[in-house]
Amino acid sequence: MKRVGILISGRGSNMMALVEAGIDVALVASDKPDAAGLGWARARGLATFALSPKGIGKPAYEAAIDAALREAGVEVIALAGYMRLLSDDFVARWRGRIVNIHPSLLPKYKGLDTHARAIAAGDTVAGCSVHIVTEDLDGGALLGQAEVPVLPGDTPDALAARVLLAEHRLYPDVLKEFASR
């Protein structure tokens with residue numbers, strides 16, 4: 001199985017699900033040095049890297065992340081609640097080796113506010129998708145999806161909580177298969 005680097009921006013609950021599922025994690029990296037998920041990863045003996053892009057610019061920030069990932073022996077990158085858009089150059093350097101979990105049934109509802117948009121559209125089913133990251137926002141090839149019913153009276157937060165549970169089941173399975181290729 002290929003070694004995985006996980007990028008997070010906050011608590012990292014999807015990162016936690018990946019680690020607990022036995023993914024071979026070489027590095028957990030974040031754009032937020034105070035991200036709660038970094039402490040969780042360190043407590044489990046995982047290598048971590050944190051750097052804020054503030055004041056150094058996106059090219060320098062991405063060069064530092066790239067160097068840390070390569071130094072750790074990362075072969076596949078998993079985005080797990082990483083809330084920054086990667087530059088086209090970064091994506092090109094890791095072409096076909098970056099995966100993301102997105103809280104909608106792509107191609108529906110790319111970007112943010114997916115749960116509110118699904119409810120507003122009257123959808124009866126929502127869910128999550130794991131896809132290859134490309135230069136197009138949430139536009140890469142799908143690797144797997146899981147459906148979650150939209151219930152009468154659902155709020156975006158209630159739907160989000162159920163979709164997150166589906167993410168925690170889907171992402172480890174899909175990433176294990178992807179990293180084994």
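**Helix packing around α1, the largest pocket and the β5–α5 loop**

In this predicted model, helices α1 and α6 pack at an angle of about 45 degrees, and their axes lie 9 Å apart. An angle between 35 and 65 degrees counts as neither roughly parallel nor roughly perpendicular. The two helices, α1 and α6, are therefore oblique to each other. Their crossing is right-handed. On the α1 side, the contact is formed by Ser 13, Asn 14, Ala 17 and Leu 18. Helix α6 contributes Leu 164, Glu 167, His 168, Tyr 171, Pro 172 and Leu 175. By class, the contact of α1 with α6 comprises six nonpolar, three polar and one charged residues.

Helix α1, residues 13-20, also packs against helix α2, residues 36-43. Here the angle is about 20 degrees, with the axes 9 Å apart. Angles under 35 degrees count as roughly parallel, so α1 is roughly parallel to α2. This crossing, of α1 and α2, is right-handed. Met 15, Met 16, Val 19 and Glu 20 of α1 make the contact with Gly 37, Trp 40 and Ala 41 of α2. Five nonpolar residues, one polar and one charged form the contact of α1 with α2.

Helix α1 recurs in the lining of the largest pocket. The volume of this pocket is about 840 Å³. It is lined by 36 residues. Closest to the pocket centre are Gly 81, Tyr 82, Met 83, Asn 100 and Ile 101. Two or more lining residues come from each of α1, α4 (88-93), β5 (98-102), α5 (114-120) and α6 (156-179). Helices α1 and α6 thus appear both in this list and as packing partners. The lining divides into 15 nonpolar, 13 polar and eight charged residues.

Two backbone features fall in the loop between β5 and α5. Most residues other than glycine have a negative phi, and most peptide bonds are trans. The peptide bond from Leu 106 to Pro 107 is cis, with omega near 15 degrees. Pro 107 sits in the loop between β5 and α5. Tyr 109 has a positive phi, near 55 degrees, and is a residue other than glycine. Tyr 109 likewise lies in the loop between β5 and α5. The elements that flank this loop, β5 and α5, each give two or more residues to the lining of the largest pocket.

Notes. Residues numbered from 1 in each chain as written. Predicted model: local features only at pLDDT ≥ 70, side-chain atom pairs only at ≥ 80, totals over all residues. Heavy atoms only, no water. Axes fitted to C-alpha atoms, helices over the stretch in contact; angles between N-to-C directions. Helix = DSSP H or I, 4+ residues; strand = E, 2+ residues; numbered from the N terminus. Parallel < 35°, antiparallel > 145°, perpendicular 65-115°, else oblique. Left-handed = near helix turned anticlockwise from the far one by under 90°. Contact = heavy atoms within 4.5 Å. Nonpolar A, V, L, I, M, F, W, Y, C, P; charged D, E, K, R; others polar. 1 Å grid on protein atoms, 1.4 Å probe; cavity = no way out; pocket = protein on both sides within 12 Å on 5 of 7 lines; lining within 4 Å. Points joined across faces, edges and corners; volume = space filled by probe spheres on them.
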